[in-house]
Amino acid sequence: MKRWYLYPFSLGYHLITAIRNRMYDWGIFKSTKFTTPIINVGNLSVGGSGKSPMVMYLACFLSKHYRTGVLSRGYGRLTKGYMITNYDSNYKMVGDEAMQLFERFKNRFVIAVSEDRVPGAHKVINDMDLNALVLDDAMQHRKIKAGFTILMTDYNNPYFKDHLLPAGDLRESRAGAKRANIIMVSKCPDELTEESKQYYISRIRPSANQKVFFSSINYDENVYGRDKILPDNNLNYYDILLITGIANPKPLLQHLAKFSKRVKHLKFRDHHNFSEDDIKKITAEYKKLGEYKLILTTEKDYVRLKTFDYLRDIVYYWPINVVIDKKEEFNEIILDYVKNN
């Protein structure tokens, strides 16, 4: 979203972020380097760019070869400090994204949260004896010098077409992309032509040590509720109340339109903590629907909505996974980095 009338303020923002980055580049601000391989997944813009599915993919893939952990700040939680996600955790303690990871993968890899990333990384690596750590959303958190960085950019809103806050949505200038080892163009259409790929590569202009990859979102063939599974092709029999608390629900709406036209969408802000008033609003809208109806949400929102008794048996979530073009090459680059470090 472009807000040209705010462009003069973007000039000031650019000056501040540029000076900060230079301070880290010149070593004036301290950046801690770790002996354990750390992969940072981030972006240049605010809002959703597919970071969470990529973190999920990396942690799941690496855990087949190494003892792996994920560290995030635990955005939206009501607690402070370092914490390991376990069976006693909930989204209020560790945040919705950490809870989502744990509920899908349980103990396949370690999931930790800490708003102070440097001591958090030291603690989770040493206490859990990790061989590899995935940092979630730490592109601008330069106190940690990650050995490998994956920059995510949305196919529908790439960073090279965006502008700095507040006129645009960039958290730092486009030059920040130079710090990435891999630039991943996310949320690509299913039928992505070679011509489109070459256009994006020409606009990104990767340096000799950078690789550009393309990925898309794959929705599960089922939606899941409490002890229930419903095939996606059965959704056309239902009136659907779609609840989203994510940055960009557009891809989900487009996918759902393939299965049902009877959809009422209630949109909340990203990481929204649902209140009792929100639940009353959701309940009222649900009661307006026909005889056959359900509430559908994202996997991340589900860990919050299912805690309300009334919704527990009527809310379903739709899991997603990332599909990477040239996956074997991507996997080999990731494994080589971890193995060699």
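**Group meeting: cavities, a pocket and a few unusual residues**

Let me begin with the second largest cavity, whose lining residues divide into two nonpolar, four polar and three charged. Before I go further, please keep in mind that what we have in front of us is a predicted model.

So which residues line that second largest cavity? They are Tyr75, Gly76, Arg77, Tyr91, Gly95, Asp96, His271, Asn273 and Arg304, and the space that they surround has a volume of about 30 Å³. A search of the whole structure finds two cavities of 30 Å³ or more, and the largest cavity holds about 50 Å³ of space.

The lining of the largest cavity consists of Ser52, Val55, Met56, Glu97, Gln100, Leu101 and Asp136, and these residues divide into three nonpolar, two polar and two charged. If you would like to find this place by its helices, look for α2 and α4, each of which supplies at least two residues of the lining.

Now let us turn from the cavities to the largest pocket, which contains about 1,000 Å³ of space. How many residues line the largest pocket, and which of them lie nearest its centre? There are 50 lining residues, and those nearest the centre are Lys51, Ser52, Glu97, Asp270 and Lys300. You have already met Ser52 and Glu97, since both were named in the lining of the largest cavity. By character, the lining of the pocket divides into 18 nonpolar, 16 polar and 16 charged residues. Several elements contribute to this lining, for at least two residues come from each of α1 (7-25), α2 (51-62), α4 (96-105), β10, α7 (250-256) and α9 (299-305).

One of those contributors, α1, is also the helix in which Asn21 has its place, and I would like to follow Asn21 to a partner elsewhere in the chain. In sequence, Asn21 and Arg142 are 121 residues apart, yet in space their C-alpha atoms are 8.3 Å apart. Arg142 is found in the loop between β6 (132-136) and β7 (144-145). What joins the side chains of Arg142 and Asn21? A polar contact of 3.1 Å does, and a second polar contact, also of 3.1 Å, joins the side chains of Asn21 and Glu172.

Are these two residues buried or exposed? Arg142 has a relative accessible area of 14% and is therefore buried, while Asn21, at 13% relative accessibility, also counts as buried. If we leave aside neighbours within four places in sequence, Asn21 is in contact with Arg142, Glu172 and Arg179. With the neighbours of Arg142 set aside in that way, the contacts of Arg142 are Arg20, Asn21, Tyr24, Asp25, Lys30, Ser31 and Arg179.

Next comes helix α6, which spans residues 194-204 and in which Lys197, Tyr200 and Ile204 are buried. Why can we say that the buried residues line one face of this helix? Seen down the axis of α6, they fall within an arc of 65°, and so they line one face. What those buried residues pack against is β9 (182-186) and β10 (211-219); you will recall that β10 also supplies residues to the lining of the largest pocket.

Finally, I want to collect some backbone features, and a general point helps here. Most residues other than glycine have a negative phi, and most peptide bonds are trans. Directly following α6 comes Arg205, whose phi is positive, near 55°. Lys106 likewise has a positive phi near 55°; its place is in the loop between α4 and β5 (110-113), and with a relative accessible area of 31% it is partly exposed. Lys187, in turn, lies in the loop between β9 and α6, where its phi is positive and near 60°. Lys187 has a relative accessible area of 16%, which means that it is buried.

As for the peptide bonds, where in the chain is there a cis one? A cis peptide bond joins Leu165 and Pro166, with omega at about -5°, and Pro166 has its place in the loop between β8 (148-154) and β9.

Note on methods:
Residues numbered from 1 in each chain as written. Predicted model: local features only at pLDDT ≥ 70, side-chain atom pairs only at ≥ 80, totals over all residues. Heavy atoms only, no water. Helix = DSSP H or I, 4+ residues; strand = E, 2+ residues; numbered from the N terminus. Buried < 20%, exposed > 50% of the residue type's maximum accessible area, 1.4 Å probe, protein only. Polar contact = N/O pair within 3.5 Å; in protein donor to acceptor, adjacent residues only side chain to side chain. Contact = heavy atoms within 4.5 Å. Arc of directions from axis to C-beta. 1 Å grid on protein atoms, 1.4 Å probe; cavity = no way out; pocket = protein on both sides within 12 Å on 5 of 7 lines; lining within 4 Å. Points joined across faces, edges and corners; volume = space filled by probe spheres on them. Nonpolar A, V, L, I, M, F, W, Y, C, P; charged D, E, K, R; others polar.
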